[in-house]
Amino acid sequence: MLRLWHVTKAGRMNVSVMSRRNMSESSQCDGKSNRSIHSDNIEEVHNVPMHVIIRPIPPVLNELKVQSIMNTIQTADVGVVPPIDLLWITGREGGNYYYSFGGCHRFAAYQRLNMLSIPAKFIRSNVSDLSTYLGASTPDLR
């Protein structure tokens, strides 16, 4: 719980605020751990070919985390590992582009296991959104 204090001449007022997205105990209590702020309201999961996913920012990986995810993928139900989020952008000439900025440990685990596809949720987006991530490096998508 986050506590904010507002001080006035009359005294001190206690204002409490609970953030469900950022508080780990809250997400565990509501039974919806493994949530994403971007795709929380998207139910449909697609198996996306690994080779079509564009990851423009090199990952910084924790090897133990990648190994743990690999073990989970190999030994557990596929649904245990949450899907990655993909920005789905249609280029100016109708091409489809799938950008991934998060899920680097999951992506690396599927890649190292030589999986041909990865579960993902599509977040419909546009070039303007993409430029928020890439700035002047945003490519001209066709």
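Me: What makes the meeting of the D140 and R92 side chains a salt bridge?

Reply: In this predicted model, a nitrogen and an oxygen of the D140 and R92 side chains are 2.6 Å apart. The cut-off is within 4 Å, for a side-chain nitrogen of Lys or Arg and a carboxyl oxygen of Asp or Glu. The value of 2.6 Å satisfies that limit, so the pair is called a salt bridge.

Me: Why can D140 and R92 be said to tie together parts that are apart in sequence?

Reply: D140 belongs to the segment after helix 4 (127-134), whereas R92 sits in the loop between strand 5 (84-90) and strand 6 (96-99). The two parts are 48 residues apart in sequence, and the pair therefore ties them together.

Me: Why are D140 and R92 called exposed?

Reply: The term applies to a relative accessible area over 50%. D140 has 52% relative accessibility and therefore counts as exposed. R92, with 51%, is exposed as well.

Me: What joins R92, E93 and D140 into one network?

Reply: Salt bridges that share partners join these residues. Besides the bridge to D140, the side chain of R92 meets that of E93 in a salt bridge with an N to O distance of 3.2 Å. Both E93 and R92 are exposed.

Me: How many salt bridges does a search of the whole structure find?

Reply: The search finds 3. One of them joins the side chains of R112 and E63, at 2.7 Å from N to O. R112 lies in helix 3 (residues 104-112) and E63 in helix 2 (residues 63-75), so this pair ties together parts 49 residues apart in sequence.

Me: Why are R112 and E63 called partly exposed?

Reply: Partly exposed lies between buried, under 20%, and exposed, over 50%. R112 has 36% relative accessibility, which means that R112 counts as partly exposed. E63, at 41%, therefore also counts as partly exposed.

Me: Why is G91 called buried?

Reply: Buried means under 20% relative accessible area. G91 has 9% relative accessibility and therefore counts as buried. Its place is in the loop between strand 5 and strand 6.

Me: Which residues does G91 touch, leaving aside those up to four places away in sequence?

Reply: G91 touches Y97, L141 and R142. The C-alpha atoms of G91 and R142 are separated by 4.3 Å, although the two residues are 51 residues apart along the chain.

Me: What makes N114 notable in its backbone, and where is N114 placed?

Reply: N114 is not a glycine, yet has a positive phi of about 55°. N114 is found just after helix 3, in the loop between helix 3 and strand 7. With a relative accessible area of 63%, N114 is exposed, because the cut-off for that term is over 50%.

Me: Which residues of helix 3 are buried, and what covers them?

Reply: The buried residues are C104, H105, F107, A108, A109 and Y110. Their cover includes strand 4 (53-54), helix 2, strand 5 and strand 7 (117-124).

Me: Which helices supply at least two residues each to the lining of the second largest pocket?

Reply: Helix 2 and helix 3 each do so. The largest share, 4 residues, comes from helix 2. The lining consists of K65, S68, I69, T72, V80, V81, P82, G103, H105 and R106. By class, 4 are nonpolar, 4 polar and 2 charged. The space in this pocket is about 170 Å³.

Me: Why is K65 called partly exposed, and how far is K65 from R106?

Reply: K65 lies in helix 2. At 45% relative accessibility, K65 falls between the limits of 20% and 50% and therefore counts as partly exposed. From C-alpha to C-alpha, K65 and R106 are 8.9 Å apart in space, and they are 41 residues apart in sequence.

Me: What is the predictor's confidence in this protein chain, and where does pLDDT stay under 50?

Reply: The chain averages a pLDDT of 80, and 73% of the residues score at least 70. Over residues 1-32, pLDDT stays under 50. For that stretch the model has 32 contacts beyond four places in sequence.

Definitions and conventions. Residues are numbered from 1 along each chain as its sequence is written. Side-chain values use heavy atoms; hydrogens and water are left out. Buried means under 20% relative accessible area, exposed over 50%, partly exposed in between (1.4 Å probe, protein chains only). pLDDT is the predictor's confidence in each residue, from 0 to 100. Contact means heavy atoms within 4.5 Å. On a 1 Å grid over the protein atoms alone, a cavity is a set of points where a 1.4 Å probe fits but cannot get out, and a pocket is an open set with protein on both sides within 12 Å along at least five of seven lines; lining residues have an atom within 4 Å of a point. Grid points are joined across faces, edges and corners, and a volume is the space filled by probe spheres set on the points. Ala, Val, Leu, Ile, Met, Phe, Trp, Tyr, Cys and Pro count as nonpolar, Asp, Glu, Lys and Arg as charged, and the others, Gly among them, as polar.
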